[in-house]
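The exercises below are to be worked with the sequence and the model at hand. Each task is followed by a solution in steps.

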Amino acid sequence: MVEAAAAFSAREITGAADEQDEFRNAVTRGLSAPVKTLECKYFYDETGSALFDQICRAPEYYPTRTEIEILSDCAGEIAEAVGTGAELIELGSGASMKTRILLRALQGPRAYVPVDISADYMRQAAEALQRDFPLLAIAPAVADFSRSFQLAPRGGSGDRLLFFPGSTIGNFDPTEATKFLARMRRDLVPDMFVIGFDLRKDRETLEAAYDDAAGVTAAFNLNLLSRINRELGGNFDLAKFRHAARFNETESRVEMHIVSRQAQTVYIDALEVNFAAGESIHSENSYKYSRASFETLAAAAGWRMDRLWTDEKKLFAVALLVPGG
């Protein structure tokens, strides 16, 4: 019988700020602005994370299955580039479906560090992964990777490989994305960075991917209001709001909105939020890139694109970046 690696516990490395107060402050700030916004990182409570897993299985949502296809094809090349004994750090680990592809290809990985803001969901995913890789050292870290954070110095002699699948880089605007990529290079000192990003394509394909016929993405978006009700004392009536997704060609991004169906007033404890009919809360952006535009973005952050893999239809891309733009 193969013995499992030592039991792990998630490390809290987000700092002293109380997570609930931070959520409340972000909601107050966003809903009090002239153009109402909510930060998309707050989608991922336990319910939101489970809904996102369902989105990834929706027929309209091509990014997940396409990226899995690409990773299945290129994982051997990535493993060869990284070499033996790598430490794999995944940003926004989620259910770790794609992680399994990479871990199976890597040669004797010494550690896996999933980093995610959703502690309970990440812990469940890490436990499931530990059952599949019983000898692998797994050390989950609870952190908001959109902000500066650091991990313990690497142990052993293998490379440190960052893994950021799922086109989450598209949730940052280009300026923020550049800062994020530069911060990852500076704070985590990786040797390589495997990152997925979505490619620009026709409006119909893009908008369908963010507004599936089964309504899972709509439920995911509106769950943000449910979370405010549950955790912050809000009184949003979800029947009075609807989900909307539209491609902004000028900015090369899909925008998600929560649209008020009527004029109404919502309370979040003492905070009064007034909505006009048709007014929306801008809840997410997902930027789409060409190879050239992403290569330029990476170079501005001090990275060089070493390799790029795409699917036959050029829907999605996976890049291998190395320091030195």
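**Exercise 1. A strand residue and its surroundings**

Task: Decide whether Phe193 is buried or exposed, and describe what surrounds it.

Solution. The structure is a predicted model.

Step 1. The relative accessibility of Phe193 is 0%, and a residue counts as buried under 20%, so Phe193 is buried.

Step 2. Phe193 belongs to strand β6, which covers residues 192-198.

Step 3. Leaving aside residues up to four places away in sequence, Phe193 touches residues including Leu91, Leu161, Leu162, Phe163 and Phe164. Further contacts of Phe193 include Leu181, Met184, Trp303 and Leu320.

Step 4. Ile89 is 104 residues from Phe193 along the chain, yet 9.4 Å separates their C-alpha atoms.

**Exercise 2. The strand as a whole**

Task: Determine how many residues of β6 are buried, and which strand β5 pairs with in the parallel sense.

Solution.

Step 1. Seven of the seven residues of β6 are buried.

Step 2. Split the strand by face: Met192, Val194, Gly196 and Asp198 lie on one side, and Phe193, Ile195 and Phe197 on the other. Both faces of β6 are covered.

Step 3. Strand β5, residues 160-164, pairs with β6 in the parallel sense, over four bridges.

Step 4. Within this pairing, Phe164 stands opposite Ile195 in β6.

**Exercise 3. An open sheet**

Task: Give the strand order of the open sheet of three strands, then explain why β7 and β11 each have one side without a neighbour in the sheet.

Solution.

Step 1. The order is β7-β8-β11, and the pairing is antiparallel.

Step 2. β7 (241-248) and β11 (280-287) stand at the edges with a single partner strand each, so one side of each has no neighbour in the sheet.

Step 3. Direction ignored, neighbouring strands of this sheet are turned by 20° against each other on average.

Step 4. Eight bridges join β7 to β8, and seven join β8 (residues 253-260) to β11.

Step 5. Follow Val259 of β8 to both sides: Arg242 stands opposite it, and in β11 its bridge partner is Ser280.

Step 6. Helix α8, residues 216-232, lies across β7, β8 and β11 and runs at about 60° to β8.

**Exercise 4. Two positive phi angles**

Task: For Val189 and Ser252, state where each one lies and whether it is buried or partly exposed.

Solution.

Step 1. Most residues other than glycine have a negative phi.

Step 2. Val189 has a positive phi, near 50°, and is not a glycine. Its place is in the loop between α6 (174-188) and β6.

Step 3. The relative accessible area of Val189 is 49%, so this residue is partly exposed.

Step 4. Ser252 also is not a glycine and has a positive phi, of about 55°. Ser252 sits in the turn of the hairpin formed by β7 and β8, which has four residues between the two strands.

Step 5. Ser252 has a relative accessibility of 12% and therefore counts as buried.

**Exercise 5. A helix and its packing**

Task: Identify which residues of α2 (residues 46-56) are buried and which elements they pack against.

Solution.

Step 1. The buried residues in α2 are Gly48, Ser49, Leu51, Asp53, Ile55 and Cys56.

Step 2. The buried residues of α2 pack against α3 (62-82), α5 (119-132) and α8. Helix α8 is also the helix that lies across the sheet of Exercise 3.

**Exercise 6. The whole chain**

Task: Compare the radius of gyration with that of a compact globule, then judge where the confidence is low.

Solution.

Step 1. The protein chain has nine helices and 13 strands.

Step 2. For 325 residues, a compact globule would have a radius of gyration near 20 Å, and the protein chain has 20 Å, so the two agree. The C-alpha trace spans about 60 × 40 × 35 Å along its principal axes.

Step 3. Of the 325 residues, 53% are buried. About 14100 Å² of the protein chain is exposed, with carbon and sulfur atoms supplying 50% of it.

Step 4. Among contacts between residues at least 6 apart in sequence, 71% join residues at least 24 apart.

Step 5. The average pLDDT is 90, and 92% of the residues score at least 70. Over residues 1-7, however, the pLDDT is below 50, and this stretch has eleven contacts beyond near neighbours in sequence. Residues 12-17 also stay under 50, with eleven contacts beyond four places in sequence.

Key:
Residues numbered from 1 in each chain as written. Predicted model: local features only at pLDDT ≥ 70, side-chain atom pairs only at ≥ 80, totals over all residues. Heavy atoms only, no water. Pairing = 2+ DSSP bridges. Axes fitted to C-alpha atoms, helices over the stretch in contact; angles between N-to-C directions. Contact = heavy atoms within 4.5 Å. Rg over C-alpha atoms; globule rule 2.2 N^0.38 Å. Buried < 20%, exposed > 50% of the residue type's maximum accessible area, 1.4 Å probe, protein only. Areas by Shrake-Rupley, 256 points an atom, 1.4 Å probe, with all protein chains shown as cover. pLDDT = per-residue confidence, 0-100.
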